[in-house]
Amino acid sequence: MRDPVTIFGPDFPYPYDDWLSHPAGLGSLPESSHGATVAVVGAGLAGMVAAYELLELGLRPVVYEPAGIGGRLRSHEFEGADGVVAELGGMRFPVSGSSFFHYVRRLGLTSAPFPNPLTEAAGSTVIDVAGQTFQGRTLSELPAEFTEVARAWDEALEEIGFASLQEAIRARDVDTLKGRWNELVPLWDGRTFYDFIATSEAFAKLPFRYRETFGLVGFGTGGWDSDFPNSMLEILRVVLTNCDTDQQLIVGGAEQLPRGLWTLPVSERSPWPAGTSLASLHGGVPRPGVAAIRRGDDGTFTVRDRWGTTRSHDAVLATCQSWLLTTQIECDESLFSQDLWMALDRTRYMQSSKTFVMVDRPFWKDIDPATGRPLMGMTLTDRLTRGTYLFDNGPDRPAVICLTYSWMSDALKMLPYDVDQRVRLSLDALGKIYPGVDIASHIVGDPVTVSWEDDPNFLGAFKGALPGHYRYNYRMYTHFVQDGRPPAERGIFLAGDDVSFTPAWAEGAVQTALNAVWGIMTHFGGVSHPANPGPGDVFEKIAPVNLGE
Ligand SMILES: Cc1cc2nc3c(=O)[nH]c(=O)nc-3n(C[C@H](O)[C@H](O)[C@H](O)COP(=O)(O)OP(=O)(O)OC[C@H]3O[C@@H](n4cnc5c(N)ncnc54)[C@H](O)[C@@H]3O)c2cc1C
């Protein structure tokens with residue numbers, strides 16, 4: 001059997017999954033460092049992974065969070081319907097995210113195939129573009145033009161050597177992968193996804209309509225035209241590492257991951273007494289949101305929370321959205337170099353909106369006697385809703401419909417409206433695709449909506465790097481290796497979606513959290529086990545390519 005594709009690089013091909021599963025553990029700290037405090041800014045996935053692993057090592061993480069534990073893995077539980085959730089943030093997790101799934105297994109969570117377009121889990125897929133509606137279970141059941149679009153995309157990727165790059169990822173052949181990828185970085189950092197499509201031989205020979213259909217219907221999970229202005233490197237990483245194929249949902253909600261880490265007791269390896277957990281050290285609740293981070297005279301950090309309490313910490317890990325470090329949190333400017341500040345501030349965020357309703361049952365599976373097909377299917381359209389996803393919790397339980405999942409301009413169209421109006425607009429759009437289906441009559445409970453850009457603790461959904469942003473990403477990502485930095489810039493670390501090279505995927509939050517764990521461990525004089533070198537130990541050898549300034 002072929003080796004699986006995992007999110008292994010391509011920028012920094014380090015085997016995080018092997019590091020995590022090695023019996024020797026991530027490393028050890030001198031006893032004198034045990035109990036040293038690390039302020040962890042943010043209780044999202046990156047904050048919780050890092051806090052848990054730092055606790056394992058014997059440090060004392062102090063977690064600050066202004067909203068709920070979970071961050072962008074926010075699972076809204078519908079009132080009165082035990083365990084029926086709407087995933088307001090991350091909802092589909094590629095099996096190639098092997099470090100993410102390490103924690104899924106560790107917490108004993110269950111996953112199931114996500115009902116993406118044209119998958120068995122979706123059952124039926126409906127594509128409604130330019131006023132025409134098609135329904136099918138597989139690509140071959142749709143008009144031939146869709147197959148041609150899919151083929152053009154595969155051919156376009158092959159023009160830049162996709163198959164050999166992905167083979168190197170499967171084989172974990174670092175030399176080949178880095179050799180090829182490092183050549184692509186300067187070529188594609190400055191060019192957009194749309195540029196790639198429009199100038200590829202495969203699409204150039206086809207009418208414009210094919211590009212348009214590709215943008216609306218996309219590859220794997222749905223329309224990707226909202227990513228057209230992004231740097232092509234972002235998209236290449238997604239497809240090379242199979243982020244967009246074979247995705248799972250977390251049964252009961254992805255928020256269980258960060259929440260589970262909060263209450264997970266340390267393993268026998270930890271210097272902390274058996275039964276210690278992050279929750280037990282915090283009396284059950286995180287500290288309030290951070291209002292200021294300053295360097296104290298003795299080199300430690302003072303962190304002031306939003307209610308004015310100041311605590312001293314030996315190190316800091318910031319996992320919140322990076323713009324918050326200049327908009328919400330007063331930071332000493334000397335904590336980071338000006339180059340890094342530039343990167344943190346210039347990083348670009350995408351907008352995203354979702355609106356969900358709970359319905360009495362998965363009525364969409366009822367067969368329409370006129371067509372012999374299910375009443376509704378997972379729906380992709382150029383209408384306002386863009387993507388509609390159907391979540392079946394079993395025949396006798398309430399089901400959930402994500403009426404609309406949209407990004408960028410499509411998300412902004414929803415921004416001014418309250419939840420009821422968003423539901424109305426969505427039902428109106430879907431009514432044009434399914435004139436005979438009365439979705440509203442099935443709605444039970446209160447709908448729920450989110451616009452991440454409207455939330456002061458997030459200011460956006462996730463990073464989407466623009467052309468020319470590789471250097472910003474490089475500066476943020478490599479910051480965890482602090483040897484060469486001036487003392488004034490050491491001891492504060494970064495992790496999370498915005499620091500990652502695979503933004504918008506939870507695996508990136510996990511991997512960057514693990515980088516920070518290595519950085520913090522070594523900051524306190526700790527070392528990895530010689531048989532299990534950490535990301536910083538092999539940094540020189542596999543570092544992301546430096547394009548220079
Ligand atoms: C709409 C959407 C869809 C997504 N879809 C997917 C998907 O399908 N698959 C996938 O793998 N990933 C997906 N993602 C990405 C995934 O959710 C993220 O990568 C991951 O949750 C980010 O975790 P994080 O810890 O880096 O950041 P966050 O979860 O944002 O955590 C940062 C935390 O910092 C907190 N904070 C803010 N201000 C302060 C302060 N002043 N003091 C202290 N804390 C503060 C915030 O409240 C937040 O809890 C999606 C994200 C969104 C928004």
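The questions and answers below concern a predicted model of a protein with a bound ligand.

Visitor: Which residues are the closest to the ligand?
Guide: The shell around the ligand holds 37 residues. By class they divide into 22 nonpolar, 11 polar and four charged. The closest are E65, R72, R92, D497 and A506.

Visitor: Which helices each supply at least two residues of the shell around the ligand?
Guide: Residue A506, one of the closest to the ligand, is where helix α18 (506-523) begins. That helix supplies at least two residues of the shell, and one other helix is listed with it. The two are α2 (45-57) and α18.

Visitor: How far is a polar side-chain atom of D497 from an oxygen atom of the ligand?
Guide: D497 is among the closest residues of the shell. The pair consists of a polar side-chain atom of D497 and an oxygen atom of the ligand. Their separation is 2.5 Å.

Visitor: Which residues place a backbone N or O atom 2.8 Å and 3.0 Å from a nitrogen atom of the ligand?
Guide: Both distances lie within the 3.5 Å cut-off for a polar contact. The 2.8 Å distance belongs to V290, and the 3.0 Å distance to A504.

Visitor: What share of the area that the ligand exposes when taken alone does the protein bury?
Guide: Taken alone, the ligand exposes 1,000 Å². The share of that area buried by the protein is 99%.

Visitor: What is the phi of A504, and is the residue buried or partly exposed?
Guide: A504 is in the loop between β24 (492-494) and α18. Most residues other than glycine have a negative phi. A504 is not a glycine, yet its phi is positive, about 75°. Buried would require under 20% relative accessible area; at 30%, A504 is partly exposed.

Visitor: Where is R386, and is it buried or exposed?
Guide: R386 also has a positive phi, about 60°, without being a glycine. Its place is the loop between β19 (378-381) and β20 (387-391). The cut-off for buried is under 20%, so with a relative accessible area of 9%, R386 is buried.

Visitor: Which residues does a cis peptide bond join?
Guide: Most peptide bonds are trans. The cis bond here has an omega of about 10°, and its proline lies in the segment before α1 (16-21). The residues joined are G9 and P10.

Visitor: Which residues have the most contacts inside the largest nonpolar core?
Guide: In soluble globular proteins, nonpolar side chains tend to be buried together. The largest nonpolar core in this model has 104 residues. A second, separate core of 33 residues includes V129, F356, M378 and L380. Inside the largest core, the residues with the most contacts are F100, W153, F193, F196 and L514.

Visitor: Which residues is F196 in contact with, leaving aside its neighbours within four places in sequence?
Guide: F196 is one of the residues with the most contacts in the largest core, as is W153. W153 is itself one of the contacts of F196. The full list is W153, A156, L157, I160, W188 and M232.

Visitor: What does G71 touch, not counting residues up to four places away in sequence?
Guide: G71 is in the loop between β2 (60-64) and β3 (75-77), and at 10% relative accessibility it counts as buried. Its C-alpha atom is 6.3 Å from that of A43, 28 residues apart along the chain. The residues touched are A43, G44, W452 and F458.

How values were computed. Residues numbered from 1 in each chain as written. Predicted model: local features only at pLDDT ≥ 70, side-chain atom pairs only at ≥ 80, totals over all residues. Heavy atoms only, no water. Near = heavy atom within 4 Å. Polar contact = N/O pair within 3.5 Å; in protein donor to acceptor, adjacent residues only side chain to side chain. Areas by Shrake-Rupley, 256 points an atom, 1.4 Å probe, with all protein chains shown as cover. Helix = DSSP H or I, 4+ residues; strand = E, 2+ residues; numbered from the N terminus. Nonpolar A, V, L, I, M, F, W, Y, C, P; charged D, E, K, R; others polar. Core = buried A, V, L, I, M, F, W, Y, C linked by side-chain atoms within 4.5 Å. Buried < 20%, exposed > 50% of the residue type's maximum accessible area, 1.4 Å probe, protein only. Contact = heavy atoms within 4.5 Å.
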